[in-house]
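Hi,

Here is the structure I promised to send over. Have a look, and my notes on what turned up follow right below.

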Amino acid sequence: MSTNLASHVIEETQVHHTAGVDQSLQPKTKESRSVGPISYMFMWIGDGVNLGNMTLGASLFVAGTATLNIFQTFIAAAIAISIISTLFSLNDRIGYRTGVPYVVQLRMSFGMKGSIISSILRGFPAVIWYGFQSWIGGTALNEIVKIITGGAFDNVAICFVIIQVAQIALSLYGFHAIKWVEVLASIVIMLALIYVFGILITSYSDVIAEKWVHAKGSWGLPFFSFIMMFLGNYAAIFLSAADYSRELKPGISDVKRGFLYFSPILIAYGFVLTIGAMLASATGISNPVKAFAIVVDNPYITVGVSAFIVIGAIAVNMVANIIPPAYVITLLTKMKYKPAVTITGLLALCSFPWVLVQDSSAKGLGMFILVYSAFLGPIVSILLVEYYILRKQTVNITDLYKKNGPFTGYNPCALLAMLIGAGTAFIKVELGWIIGVAVAGIAYILLTKFAFQNSKFKKGTIFENES
């Protein structure tokens, strides 16, 4: 292990002399990393306490009936969070040890040209979620302005644009801004949600008990489908785990980093999901902002809660939905990081998020998660198989940046494995994520061993001598 770390350090310094590589895509040196473990945990709490996750909780209710009761919901969430934390701590390792971002990590399996396809599959859903969270934030901002102006102003679209401009401005400052935004947001929003939780318990406990706690629910397909949606909701984030771990200060063991994922996701995601389900059962409305307006029937408190929603929308976008697509744009266009995050924000403006937040769209949002995660599951499987099984955690990082190196072009084995995994996932889309992960991983090993015998992508793998 120490040999690997030593070689990574040498490669890290060498790659900075590679021409044509934007600084944002170069490996982060240990000296340039500014995020400590406490800030890192707050970052994931800030990411988890958002209205998108509440909407996922609300999606448990179809036509006013709960598909899972509270016990089934918590068991499904615990299973999903355990899997998420494990995959996070496994896939973040190369980013933490070498400082490379996700779009460069992809080259190890897919090649320089092949990584373009797989990176777009990560960037696209991030842009959609960026727009979704911003529209939720714009809706909440509109509620604030409506109350302040006595109803004279009522325009969600204008508030949406204001939120988007503010996020673009913040994102220009990079991870330094993200760290402080997340610490502030996570503390403030959790306090607000505890207050809302108290209102729901004291005023709506009977209806929540009837519609959710004591619901019959199901241990069948709806139960496993919810786990897949849960995983799918995080699939894009732990797929690009290297984008976050490369910012984390050195000296933290793999086990401790796993704890840095598990504990905040359990606290934030579990709590927000619960409130989303409680709001939907209490009001029959799947849009959390509208449900809040009913539950918190006080204009002053509504302003406060809406302000927390705005902060939450910005917080989750700063972590999950800005940096990954910005890196993709930098990779594809060779533009600098700041113009790339600006373009990302403008694309989110054009993502039609107002369609996704409609009451009738809650189930459609869940299906959107299942569909795109059918592709992301196979990709993360291929990356883990590559790094842990085929290359035994030993990678020449310098080669990932060489224009004429062993990772140029595309790796047909990885692309075929991804398509095979995604294709089988669509056979049963409700379970697509886990199906895609299993099938793609097995397919990639078999294709690498038996197909394309002269492939240069076998160099450095356990199958190198079989070429």
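Lys392 is exposed, with a relative accessible area of 53%; exposed here means over 50%, buried means under 20%, and partly exposed is in between (1.4 Å probe, protein chains only). Lys392 sits in the loop between helix H18 (362–390) and helix H19 (412–425). The helices are DSSP runs (H or I, at least four residues), numbered from the N terminus, and strands would be E runs of at least two. Phi of Lys392 is positive, near 50°, and this is a residue other than glycine. Gln393, also in the loop between H18 and H19, has a positive phi of about 65° and is not a glycine either. Gln393 is buried, though, at 13% relative accessible area. As background, most residues other than glycine have a negative phi.

Before you read on: this is a predicted model, so local features need pLDDT of at least 70 and side-chain atom pairs count only at pLDDT 80 or more, while totals for chains, interfaces and linings use all residues. Residues are numbered from 1 along each chain as its sequence is written, and side-chain values use heavy atoms, with hydrogens and water left out.

Now the charged pairs. I counted a salt bridge when a side-chain nitrogen of Lys or Arg is within 4 Å of a carboxyl oxygen of Asp or Glu, and that rule gives eight salt bridges. One of them joins Lys28 and Glu247, with the closest N and O atoms 3.4 Å apart. That pair links distant parts of the chain: Lys28 is in the loop between helix H1 (2–15) and helix H2 (37–48), and Glu247 is in the loop between helix H11 (242–245) and helix H12 (254–283), 219 residues apart. Glu247 counts as buried, at 6% relative accessibility.

Which residues share a network of salt bridges? They are Asp92, Arg93, Arg97, Asp254 and Arg257. Within it, Asp254 meets Arg97 at 3.6 Å, N to O. Asp254 lies in helix H12 and Arg97 in helix H5 (residues 93–98), so this pair ties together parts that are 157 residues apart in sequence. Asp254 also bridges to Arg257, where the closest N and O atoms are 2.9 Å apart. Those two both lie in helix H12, three residues apart, about one turn of the helix. As for exposure, Asp254 is partly exposed at 25%, whereas Arg97 is buried at 10% and Arg257 is buried at 1%.

On to the aromatics. Rings of Phe, Tyr and Trp (its six-membered ring) pair if their centres lie within 6.5 Å; planes under 30 degrees apart are stacked, over 60 edge-to-face, and the rest tilted. That comes to 21 aromatic pairs. Phe88 and Tyr261 are one example: their ring centres are 4.3 Å apart and their planes at 5°, so the pair is stacked. Phe88 is in helix H4 (residues 70–91) and Tyr261 in helix H12, 173 residues apart, and both Phe88 and Tyr261 are buried. They belong to one aromatic cluster with Tyr40, Trp44, Phe238, Tyr244 and Trp433.

There are charges over rings too, meaning NZ of Lys or CZ of Arg within 6 Å of the ring centre and within 35 degrees of the ring normal. Arg33 lies over the face of Tyr96, 5.7 Å from the ring centre, and the charged end of Arg107 sits over the ring of Tyr401, 6.0 Å from its centre.

If you were wondering about cysteines: how many disulfides does the structure hold? Zero, taking a disulfide as a pair of cysteine sulfur atoms within 2.5 Å. For Cys350, the closest cysteine sulfur is in Cys159, 18 Å away, which is too far for a bond. Cys350 is exposed at 55%, while Cys413 is buried at 3%.

Two last spots. Helix H20 (residues 432–450) has 19 residues and reaches 26 Å from its first C-alpha to its last, close to the expected 27 Å (1.5 Å times one less than its number of residues). Its buried residues include Trp433, Val437, Tyr444 and Leu447, and H20 is followed by Phe452, whose phi is positive, near 50°. Finally, Ser240, in the loop between helix H10 (221–239) and H11, is buried at 0% relative accessibility. Leaving aside neighbours within four places in sequence, Ser240 is in contact (heavy atoms within 4.5 Å) with Asn91, Tyr102, Arg122 and Pro324.

Cheers
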